[in-house]
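Take a walk through this chain from its overall layout down to single residues. Keep the structure open while you read.

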Amino acid sequence: AAEKAKASAVIVVNDIDNMEPFRMGLFGEDAPSIPGFMVSYREGPVLNAAAACHAEILIGGREQVLGEIKRIEKEASGDSIPRGIEKEDKEQERARTRQSEDDDKDEDEQQQQQQQQQQ
């Protein structure tokens with residue numbers, strides 16, 4: 001149904017409280033052609049609340065997600081520079097350096113012109 005509705009992915013919340021998620025398409029059905037995964041009954045309300053708040057949801061392997069969580073925690077604690085700011089700072093520094101070099105070049109040209117005029 002989700003494929004026919006042109007969904008780009010599916011998250012299925014298991015509706016049985018103490019049953020862990022399982023591989024979809026396992027019971028003789030074809031696996032879906034769009035990405036999909038199942039979460040446990042306990043995780044469903046958490047995902048619904050996150051979606052209602054327009055929160056970012058991290059999807060990936062355990063190590064990927066834990067690594068991203070650690071990076072976010074570092075940013076929140078002020079121990080690191082948030083992603084994107086470092087790049088922006090480098091670009092601004094390059095622009096300042098270019099401007100300074102251009103100013104120096106202009107100053108050198110003015111001095112040369114003054115020296116030529118004095119001769």
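**From the fold to single residues**

This is a predicted model. Start with the layout. The chain holds three helices and two strands. In sequence order they follow the pattern β-β-α-α-α. Strand β1 covers 10-13, and β2 covers 36-39. Helix α1 spans 43-52, and α2 spans 62-77. Helix α3 takes in residues 85-118.

How much of the chain is buried? Of its 119 residues, 8% are buried. The chain exposes about 10,400 Å², and 49% of that comes from carbon and sulfur atoms. Now look at the contacts with a sequence separation of 6 or more. Residues 24 or more positions apart make up 52% of them.

Go next to the strands. Valine 13 sits in strand β1. What does valine 13 touch beyond its neighbours within four places in sequence? Its contacts there are Val39, Ser40, Tyr41 and Gly44. Take the pair of valine 13 and valine 39. They are 26 residues apart in sequence, yet their C-alpha atoms are 5.1 Å apart in space. Valine 13 is partly exposed, because its relative accessible area is 36%, and partly exposed means between 20% and 50%.

Another of those contacts is serine 40. Find it in the loop between β2 and α1. Is serine 40 buried or exposed? It is buried, because its relative accessible area is only 2%, and the cut-off for buried is under 20%. Outside its neighbours within four places in sequence, serine 40 contacts Val13, Asn14 and Pro21. So the contact with valine 13 shows up from the serine 40 side too.

Valine 13 also has a place on the surface. Together with Ile11 and Phe37, Val13 makes a nonpolar surface patch of about 220 Å². Phenylalanine 37 belongs to strand β2. With a relative accessible area of 31%, phenylalanine 37 counts as partly exposed. A residue needs over 30% relative accessible area to join a patch, and phenylalanine 37 has 31%.

Follow Ile11 from that patch to helix α1. Leucine 47 is found in this helix. Which residues does leucine 47 contact, leaving aside its neighbours within four places in sequence? They are Ile11, Val39 and Ile57. Leucine 47 and isoleucine 11 are 36 residues apart in sequence. From C-alpha to C-alpha, they are 9.4 Å apart in space. Val39 appears here as a contact of leucine 47, and it is also a contact of valine 13.

Isoleucine 57 takes you past the helix. It lies in the loop between α1 and α2. Not counting residues up to four places away in sequence, isoleucine 57 touches Leu47 and Ala50. Along the chain, isoleucine 57 and leucine 47 are ten residues apart, and their C-alpha atoms are separated by 8.0 Å. Isoleucine 57 is partly exposed, because its relative accessible area is 37%.

Stay in that loop for a matter of backbone geometry. Most residues other than glycine have a negative phi. Histidine 54 has a positive phi of about 60°, although it is not a glycine. Histidine 54 also lies in the loop between α1 and α2. Its relative accessibility is 73%, so histidine 54 counts as exposed.

Where is lysine 6? It lies in the segment before β1. Lysine 6 has a positive phi of about 70°, and it is not a glycine either. At 72% relative accessibility, lysine 6 counts as exposed. The cut-off for exposed is over 50%.

Finish at helix α3 and its charge. Which residues gather in a patch of negative charge on the surface? They are Glu101, Asp102, Asp103, Asp104, Asp106, Glu107, Asp108 and Glu109. Take aspartate 108 from this group. It lies in helix α3. Aspartate 108 counts as partly exposed, because its relative accessibility is 43%.

Technical notes. Residues numbered from 1 in each chain as written. Predicted model: local features only at pLDDT ≥ 70, side-chain atom pairs only at ≥ 80, totals over all residues. Heavy atoms only, no water. Helix = DSSP H or I, 4+ residues; strand = E, 2+ residues; numbered from the N terminus. Buried < 20%, exposed > 50% of the residue type's maximum accessible area, 1.4 Å probe, protein only. Patch = residues over 30% accessible without salt bridge, like charges linked within 9 Å, V, L, I, M, F, W, Y side chains within 5 Å. Areas by Shrake-Rupley, 256 points an atom, 1.4 Å probe, with all protein chains shown as cover. Salt bridge = Lys/Arg side-chain N within 4 Å of Asp/Glu carboxyl O. Lys, Arg positive; Asp, Glu negative; His and termini not counted. Charge placed at Lys NZ, Arg CZ, Asp CG, Glu CD. Contact = heavy atoms within 4.5 Å.
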